[in-house]
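Please open the model in your viewer and keep the sequence panel beside it, since this tour moves from one selection to the next and says at each stop what is there.

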Amino acid sequence: AAAPDALAAIERRHAELFGSIASARASLRLVRADEPGLMVIRCSLQSVDGVLASIALADPEMVTLDMSSSMRRLKRRNKKEQTAASSLQSPSPGGA
């Protein structure tokens, strides 16, 4: 699903589970969606648990890969994961 459609599905599920007022207070926002099937969203700190539940129960199915209190930390962890994944995929020096 496209990022706006996926965000709408999360918002819809959140409103179904917790009501429209709680959903408005969650302040869900799409931060970015650079890669297909991957998006970064933000929400209010008080609504994190409800938003995670909404993601888990969304239709179509979605998965939370990581969460952070800041974009800087999220970017740093993502960079470390990409580095680790690329080192696993590259052949070892001197043959195997």
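In what follows, a residue is called buried when its relative accessible area is under 20%, exposed when that area is over 50%, and partly exposed in between. By that scale R77, at 31% relative accessibility, counts as partly exposed. The model is a predicted one, and every value in this tour is computed from it.

**The salt bridge at R77**

With R77 still selected, add D66: the two form a salt bridge in which the closest N and O atoms are 3.0 Å apart. The pair links distant parts of the chain, since D66 lies in the loop between α3 and α4 whereas R77 lies in helix α4, 11 residues apart. D66 is likewise partly exposed, because its relative accessible area of 34% falls between the two cut-offs.

**The largest pocket**

Keep D66 on display, and add M39, V40, I41 and L74; of the residues that line the largest pocket, these five lie nearest its centre. The pocket has a volume of about 1400 Å³, and its lining comprises 42 residues. To see which elements surround it, colour α1 (3–18), β1 (29–32), β2 (40–42), α3 (48–56) and α4 (71–89), each of which supplies at least two residues of the lining. Which of these elements gives the most to the lining? It is α4, with seven residues. If you then colour the lining by residue class, you will find 25 nonpolar residues, eight polar ones and nine charged ones.

**Along helix α1**

Select I10 next, which is placed in helix α1. I10 counts as buried because its relative accessibility is 1%. A distance drawn from the C-alpha atom of I10 to that of R42 should read 12 Å, although the two residues are 32 apart in sequence.

Continue to R13 and E16, which both lie in helix α1, three residues apart, or about one turn of the helix. Their side chains form a salt bridge, with the closest N and O atoms 3.0 Å apart. Is each partner buried, partly exposed or exposed? R13 is partly exposed, because its relative accessible area is 25%, whereas E16 counts as exposed because its relative accessibility is 52%.

Now select L17, which is also found in helix α1, and add F18 and L57. These three residues form a nonpolar patch on the surface, with about 270 Å² of accessible area together. L17 itself counts as partly exposed, because its relative accessibility is 39%.

**From helix α2 to the next loop**

The next stop is A24, in helix α2, which counts as exposed because its relative accessibility is 56%. Join its C-alpha atom to that of V40, and the separation is 18 Å for two residues that lie 16 apart along the chain.

From there go to S27, in the loop between α2 (20–26) and β1. What is the phi of S27? The angle is near 50°, a positive value in a residue other than glycine, and it deserves a second look because most residues other than glycine have a negative phi. S27 counts as partly exposed, because its relative accessibility is 24%.

**A further salt bridge, and the loop after β1**

Select R32 and D34, whose side chains meet in a salt bridge at 2.9 Å, N to O. D34 is exposed because its relative accessible area is 60%, while R32, at 30% relative accessibility, counts as partly exposed. With this pair the tour has visited the salt bridges of the model, which come to three.

Then select G37, in the loop between β1 and β2. G37 counts as exposed because its relative accessibility is 82%. Its C-alpha atom is separated by 14 Å from that of D59, 22 residues away along the chain.

**The peptide bond at P60**

Let the distance from G37 lead you to D59, and inspect the bond that follows. Is the peptide bond from D59 to P60 cis or trans? It is cis, with omega near 15°, and P60 lies in the loop between α3 and α4. Most peptide bonds are trans. The loop between α3 and α4 also holds D66, so the tour ends in the loop that contributes one partner of the salt bridge with which it began, the other being R77 in helix α4.

Methods:
Residues are numbered from 1 along each chain as its sequence is written. This is a predicted model: local features need pLDDT of at least 70, side-chain atom pairs count only at pLDDT 80 or more; totals for chains, interfaces and linings use all residues. Side-chain values use heavy atoms; hydrogens and water are left out. On a 1 Å grid over the protein atoms alone, a cavity is a set of points where a 1.4 Å probe fits but cannot get out, and a pocket is an open set with protein on both sides within 12 Å along at least five of seven lines; lining residues have an atom within 4 Å of a point. Grid points are joined across faces, edges and corners, and a volume is the space filled by probe spheres set on the points. Helices (H or I, at least four residues) and strands (E, at least two) are DSSP runs, numbered from the N terminus. Ala, Val, Leu, Ile, Met, Phe, Trp, Tyr, Cys and Pro count as nonpolar, Asp, Glu, Lys and Arg as charged, and the others, Gly among them, as polar. Patches are made of residues with over 30% relative accessible area and no salt bridge: like charges are joined within 9 Å, nonpolar side chains (Val, Leu, Ile, Met, Phe, Trp, Tyr) within 5 Å. Accessible areas come from the Shrake-Rupley method with a 1.4 Å probe; for residues, only the protein chains shown count as cover. A salt bridge is a side-chain nitrogen of Lys or Arg within 4 Å of a carboxyl oxygen of Asp or Glu. Buried means under 20% relative accessible area, exposed over 50%, partly exposed in between (1.4 Å probe, protein chains only).
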